[in-house]
Every structure is written in structure tokens, then in C-alpha cells.
Amino acid sequence: MLSVRSPSLSLGLVIITVSLGAASSSSWLGSTSPAALRLRGGQAYPQAVIASTLPKDAALAAGAASDGKTGKDHTAFTKIQYKVAANEIYKTVEVAGSWSNFKNRIPMQKAPSGDWEVLTQLPVGYHEVKFVLNEKDWRCHPDLPFSTDKQGFQNNVIHVSDIPGRAPPSDKVNAAPKADTGVFTSSQDSISLAREMVKALEEENHNAKVKLAKAHSQLVNTMKQELTEALVALDKAKKHVAVFVEQGAAGLLKIKEAGNAKMTEIKAHMSKIRQILEGKESVALESINTNMAQRVKTLETEMAIYNKISPEIQELIDGAKLALTTITRDPNGFVNTAQELIPKIEAMTRKATQLAPPTADASFDHLHLNLTPVGGAE
């Protein structure tokens with residue numbers, strides 16, 4: 001008899017008993033040699049067992065409707081083992097069973113002993129199982145009980161129960177009842193399995209927390225990198241606008257100086273040609289003055305845009321630097337702030353790079369002024 005049992009724990013987690021009963025002389029349980037094993041129906045995976053060859057619970061596991069106490073409506077944790085012989089070496093071992101009509105294979109892990117095992121959750125009751133060796137060889141284990149149909153096809157049989165230490169009902173496996181000696185004997189194998197399952201689930205929970213912490217750290221580091229790179233872009237945008245401000249200021253000075261110089265030149269010229277009709281000087285000066293005013297207005301408008309963007313860029317710089325100081329204290333708040341800042345920074349840097357350079361043309365020589373004196377005097 002090969003039996004693996006585990007108790008119900010007070011943690012609210014039901015860990016079931018798996019009993020792999022002893023071989024019997026009944027029509028559906030027995031022992032066999034590897035040479036006698038055949039796949040049911042000769043298919044790529046075993047077919048469901050004929051219900052008439054199994055007890056009631058085994059028929060439920062093979063696909064009959066559940067009464068709510070066995071089958072798919074009631075599941076519990078269990079451990080399935082495939083013990084290997086001395087000369088057996090496999091790259092992979094999987095187990096399939098009647099709980100999925102043998103369609104889904106569960107990968108098993110190789111234990112330090114060399115045997116293969118898996119902790120899984122199954123419906124309670126009887127199940128037919130078969131092991132898949134090296135992904136293609138379907139085989140029964142010779143040490144486990146098995147069922148045989150009228151055609152001679154076989155599967156191993158296991159019994160799953162959520163009551164600690166309970167073996168399959170004796171009237172269904174033809175096993176001798178256990179003698180009542182009045183002495184309590186603890187189910188150390190059930191206790192060990194329970195502890196192993198709790199440890200595995202605790203490790204899963206721990207690994208999930210570690211992965212969550214790593215993902216959150218990666219998110220924070222990504223946002224930090226994004227905001228750091230955004231600050232570099234903002235600094236470039238600030239310098240870019242500062243150059244335009246400097247060029248604009250110099251352009252204003254040049255325009256005014258050149259305009260005033262031109263007016264002085266015109267006045268000096270007009271003083272030499274007194275014969276020019278009265279008003280020509282005024283018209284020429286007004287033309288220069290109007291053109292100069294238009295240029296000044298255009299450049300002042302450009303300067304107003306530069307001066308408006310400069311503090312906005314500085315505000316984003318300050319906000320990004322402040323956000324970076326909150327990473328350790330409030331990582332969630334930092335992420336939210338960074339998500340708000342990054343689109344603004346993208347828009348601001350795009351706006352800054354799209355600015356036109358200042359209009360600082362200080363030449364007035366292209367203006368067509370009628371300064372010819374009366375009578376052609378120079």
C-alpha cells in the first residue's frame with residue numbers, strides 16, 4: 001500500500017488526504033507488470049473508464065455528475081508521487097487524470113530522492129490517473145492500484161479526501177478494516193504533507209510579494225529616469241529661450257540705434273537740400289518712424305512670448321526637482337506627480353523648440369523714400 005495523507009489545518013486551509021490503496025482482488029483494482037500495461041482504446045491519451053467497472057465514487061471521477069460532495073464541486077490539495085526504479089531516468093514526468101478527461105497534463109518536479117512529485121488541487125473522490133514519461137510515453141505505475149476495463153486497458157486509481165487520514169471506504173476497495181486498538185497513532189505522513197503544502201503556499205505568497213515590490217521599484221526607477229531626462233530637456237529649452245531673449249534684447253537696441261542713426265542721416269541730408277518740398281522731410285521721417293515702430297512692436301511681441309515661457313519652464317523645473325525629493329517619502333505620490341509633469345514637460349519643450357528666432361533686422365536702406373530735391377539739387 002502506498003499512502004500519502006495530510007490533515008486539515010486550523011488556518012482555514014483544507015489539505016486533503018490522498019490514499020493510494022493496496023492492490024486487491026476486486027474487478028477494478030489489482031497489480032500489474034509494465035509489460036501488461038496498455039493505453040485505453042489505443043489513443044494518444046487514455047479514454048474515460050467504463051463506469052460499470054468502477055465503484056460509485058470512481059464513476060463520478062470518470063465524468064458522472066457530482067452530488068456536491070465529491071467531484072468538481074469539492075476540491076482539496078493533494079500530493080502525487082511517481083517513484084522511479086534504480087534504472088529509470090526521465091527528462092520529464094507529467095500526470096493526467098479523469099478530472100480533465102486526461103486532456104490536461106500537470107508537470108511534476110524531480111525531488112532530491114530522484115522521484116517525481118507534484119502538489120496540486122483536485123476534486124475529492126476517486127480518480128483515474130496515468131503518467132506521461134518524456135512527453136510521449138503514457139504509463140501506469142506498477143506499485144499503484146489500477147482499474148481494468150473489459151477490453152483490458154488500464155489506468156492507476158487514487159482516492160482524494162479532505163478528511164485527514166481517511167482511506168477509501170473498505171466496501172469499495174475490499175480492504176480489511178483497521179483494527180481498533182484504542183491507541184492513538186498520529187499521522188506523521190499527513191502532518192508532513194500539510195507542512196510541505198503550507199510551506200509551498202507561503203513561498204508562493206512571498207515570491208508574489210517580492211515580484212510586486214520589484215515591479216513597483218522598477219516603476220519608481222523608470223519614472224525617476226524619465227523625470228531626470230525631462231529635467232535635462234527643460235534645461236536645454238531654458239538655455240534655448242535664454243539665447244533668444246539675449247538676441248532679442250540686442251536686436252531691439254540695434255533697431256533703435258540704426259533707426260535713430262538713419263533719422264539723423266536724413267535730417268542732415270535734408271538740411272542740405274532746402275529746396276525739397278515742404279513735408280518731404282516729414283514724410284520720410286514718418287515712414288522711417290512707422291517702419292521702426294512696426295519692427296519694435298513685432299520684436300516686443302516676440303519678447304513677450306519668450307518672457308512668458310521662461311517662468312513657465314522654471315516652474316516645471318522646480319516642480320520636477322521637488323517631485324524627485326519625494327521618491328523615498330511618498331513613492332505613490334511621486335508616481336502620480338511625475339505622470340502629471342511629464343506630459344506638461346513634453347508640451348513645453350516642444351513649444352520652446354518651435355519658437356521662431358527674434359526679428360531683429362535693423363536695416364532701413366531698402367525703404368523707397370522720395371528724397372529727390374526740387375530741381376535735382378543734392
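These questions and answers deal with strand E7 and its partners in a predicted model.

Reader: Is strand E7 (residues 116-133) largely enclosed or largely open?
Author: Buried here means under 20% relative accessible area. In E7, 16 of the 18 residues are buried, so the rest of the structure leaves the strand largely enclosed.

Reader: Which residue of E7 is the bridge partner of valine 95?
Author: Strand E4 (residues 93-97) runs antiparallel to E7, and five bridges join them. One E7 residue bridges to valine 95: phenylalanine 131.

Reader: Which residue of E8 is the bridge partner of phenylalanine 131?
Author: Strand E8 (residues 137-139) pairs with E7 over three bridges, in the antiparallel sense. Phenylalanine 131 also has valine 95 as a bridge partner. In E8, its partner is arginine 139.

Reader: What phi does asparagine 134 take in the hairpin of E7 and E8?
Author: Three residues lie between the two strands of this hairpin. Asparagine 134 has a positive phi, near 55 degrees.

Reader: Which residue in the turn between E6 and E7 has a positive phi?
Author: Strand E6 (residues 109-110) is antiparallel to E7, with two bridges. Glutamine 109 stands opposite glutamate 117. The hairpin has five residues between its strands. A positive phi of about 100 degrees in the turn belongs to glycine 114.

Reader: Which residue of E10 is the bridge partner of histidine 127?
Author: Strand E10 (residues 154-161) is another antiparallel partner of E7, paired over five bridges. Opposite histidine 127, the bridge partner in E10 is isoleucine 158.

Notes
Residues numbered from 1 in each chain as written. Predicted model: local features only at pLDDT ≥ 70, side-chain atom pairs only at ≥ 80, totals over all residues. Heavy atoms only, no water. Buried < 20%, exposed > 50% of the residue type's maximum accessible area, 1.4 Å probe, protein only. Helix = DSSP H or I, 4+ residues; strand = E, 2+ residues; numbered from the N terminus. Pairing = 2+ DSSP bridges.
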